[in-house]
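Biologist: I'm new to this one, so could you walk me through it and tell me what stands behind each label?

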Amino acid sequence: PPPAAAEPPEPEPGGRYEAVVPHWFYCKVTDTRERWVPFSAQDSERLEEAHGAGKDQDDVVVPTSGGRYDVHLRTRQRVAVYWEEEVSEVRRCTWFYKGDKDNKYIPYSESFSKELEEAYMIAVTLDEWKKKLESPNREVIILHNPKLMVHYHPVASSDDWVSTPTEQGRPRTVKRGVENIAVEIPSGEPLQIDHLVFVVHGIGPACDIRFRSIVQCVNDFRNVSLSMLQAHFKKAQEQQQVGRVEFLPVNWHSSLHSTGVDVDLERITLPSINRLRHFINDTILDVFFYNSSTYCQTIVDTVASEMNRLHQLFLQRNPLFKGGVSIAGHSLGSLILFDLLTNQKADPEKDEHRAQGSRTTSSMGGIEEVKEILKKLELSEYCDVFEKEKMDRQALFLCTEENLKEMGIPLGPRMKILHYISAETETKVCEAELGSLSQHGDSTEDGRNCQYRDVGLGQVSANYPQLNYKPTIFFAFGSPIGMFLTVRGVKRIDPNYSLPTCKGFFNIFHPFDPVAYRIEPMIVPDLEFEPMLLPHHKGRKRMHLELKEGLTRMSVDLKNNLLGSLRVAWQSFTRAPVPALEAGSAEAEAEAEAGTEKQPDTKPEEPPTAVKEETPLINVGRLNGGNRIDYVLQEKPIESFNEYLFALQGHLCYWESEDTVLLVLKEIYQTQGITLDQPLPGSQ
């Protein structure tokens, strides 16, 4: 018949049998709902190859999804590698039936699929159709012909004799082979990983407006990065210079709330407005936990140990990886990372090199320096003691009360020296104006020598762990770092200050984000300037922003023209020979002239573009290697209607923001000398 001829893949009656091509799926359970998701084409091929080699008997593990999940072939399980997640069922799928609720196709079990395939093969070979098969659940499948195969669900009935199972329930479509069902099979991720980024979440277990976990949000971020790489790094991909960037989530919330603190909170929480109180205990209180020395220690230990664990595990699984490591934090997560980074010790090799240099060139100078400090504190009589102990300035700043006591320094002088050390450390990190430390070479290195004591930064007293690597760049999304530093008493950040082990720092925020604060005004407080506007990923400003700027320019021009016309009209009117108006004409003319003289005052409003063009010339210190730090996203047209309505969304928008992802990729690949196919307007 003509319909059969129209679809060549389907066999003709009595035609030759061709084996079905299997595809591998895994079962994703969300809110008790099951959804079967196909593996990427390359993962499915890899799984089929291992299955074909008869490795099902041995417990062979096949890495999938870019190495983030392992599939155990024998047990048919998909297990997360880097984080805790429910184990998913894996299935080698050949036959599918349409589900009840969402019309999505559901695969049959492997054993029943085999039965169906055998029945189909016999039907095709012998050209005998109308085959009926019954599954263990009393579900009936009838193969009418190659194009029409249906599945009947059993319906519970009080009368056993009313009808046969084939007539019960609504028939569902049955399909053979994944190519015949409407499902999008991803092609897969590039195998080459160029860079690794750890992403730390903010307060609470949910990270976006849909109350999803950090794992799901980072999955979105990674998917957006893959599409941005295809769109903006096509040339580099074709030349095989670029693979992909791996993003791994770091979860600290569950560790904090497994300390038993939730039980203690539950005892003292009032019973009224239960849901709101539970939400506050689970989310908002994380800020207070971080400001408590007990729980701050738990948080920083968890974040650092988790990032070190993930880094080690990643290197074990990717022994050929030669790329760098960056870190990103959202909301409170960015503050945790900032505090960790400020307390990292500088490069040991550099320290050793500097130490050797100081032995020959600065040893005596260092002791003289200590003598000057003691003289300043009116403690000159102790100079010989410090000289005998070979105490230079660096050693002095590392002294504790115990050390001074061992040297035989009495209590009074001890207190003076310790107070001086504490005050100078705080001044070095926070106040750029005091030059007392900058006269001793590189002020950043001196800051490192002080090891950024907790008192100096006003941080919570905690033992900040060391990371096993030096991050290339630190990205902060919707970050309150500026606010916390100000609350801690930090008025200024030294322009010469940079993070000891990390040379890059980007503070990225949405204009309506209520939690985000700027950093640059703390480095350059005397100059008012806008943050860098993040270019749109499609290469221009959003249309409503261009329209807004255009209308602003038009209104200024219109105002100027209107005032000019009114002035001319008023002058001609006041010159009319009417005695009653003569007295007021001088005043009116003066007012009109004053009005037109005020016109130039409106002019500075007009060229924000000119200001923006000059902004890259602003020196914002060494925190980001001399480059700009603050970057603001462009709001969407709908968001500009009401800032308050979209404030919460503004704080949670970064995970799916193409502009944010593109900046991250651009900066990461720039460190490897790889640039965008076409530079975006307005970018550095």
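Modeller: Let's start with a surface feature: Phe-211, Ile-273, Leu-276, Phe-279, Ile-280, Ile-284 and Phe-288 make up a nonpolar patch, and together they have about 720 Å² of accessible area. This is a predicted model, where local features need pLDDT of at least 70 and side-chain atom pairs count only at pLDDT 80 or more, while totals for chains, interfaces and linings use all residues. Residues are numbered from 1 along each chain as its sequence is written, and side-chain values use heavy atoms, with hydrogens and water left out.

Biologist: What makes a set of residues a nonpolar patch?

Modeller: Each member needs over 30% relative accessible area and no salt bridge (a side-chain nitrogen of Lys or Arg within 4 Å of a carboxyl oxygen of Asp or Glu). Nonpolar side chains (Val, Leu, Ile, Met, Phe, Trp, Tyr) are then joined within 5 Å, like charges within 9 Å. The areas come from the Shrake-Rupley method with a 1.4 Å probe, and for residues only the protein chains shown count as cover.

Biologist: Why is Phe-279 called buried, partly exposed or exposed?

Modeller: Buried means under 20% relative accessible area, exposed over 50%, and partly exposed in between (1.4 Å probe, protein chains only). Phe-279 has 40% relative accessibility, so it counts as partly exposed. Phe-279 sits in helix α8, residues 274-290; helices are DSSP runs of H or I with at least four residues, strands are E runs of at least two, and both are numbered from the N terminus.

Biologist: And Arg-172: why does it count as buried?

Modeller: Its relative accessibility is 7%, so Arg-172 counts as buried. Arg-172 belongs to strand β12, residues 172-176. Beyond its neighbours within four places in sequence, Arg-172 has contacts (heavy atoms within 4.5 Å) that include Tyr-97, Asp-100 and His-151.

Biologist: Why is Ile-421 put in its class?

Modeller: Ile-421 has 1% relative accessibility, so it is buried. You'll find Ile-421 in helix α15, residues 411-430.

Biologist: What makes a nonpolar core?

Modeller: It is a set of buried Ala, Val, Leu, Ile, Met, Phe, Trp, Tyr and Cys residues joined through side-chain atoms within 4.5 Å. The largest one here has 63 residues, and Val-303 is among those touching the most other members. Helix α9, residues 293-317, gives the most to this core, with 9 residues.

Biologist: How much of the chain counts as buried?

Modeller: Of its 684 residues, 45% do.
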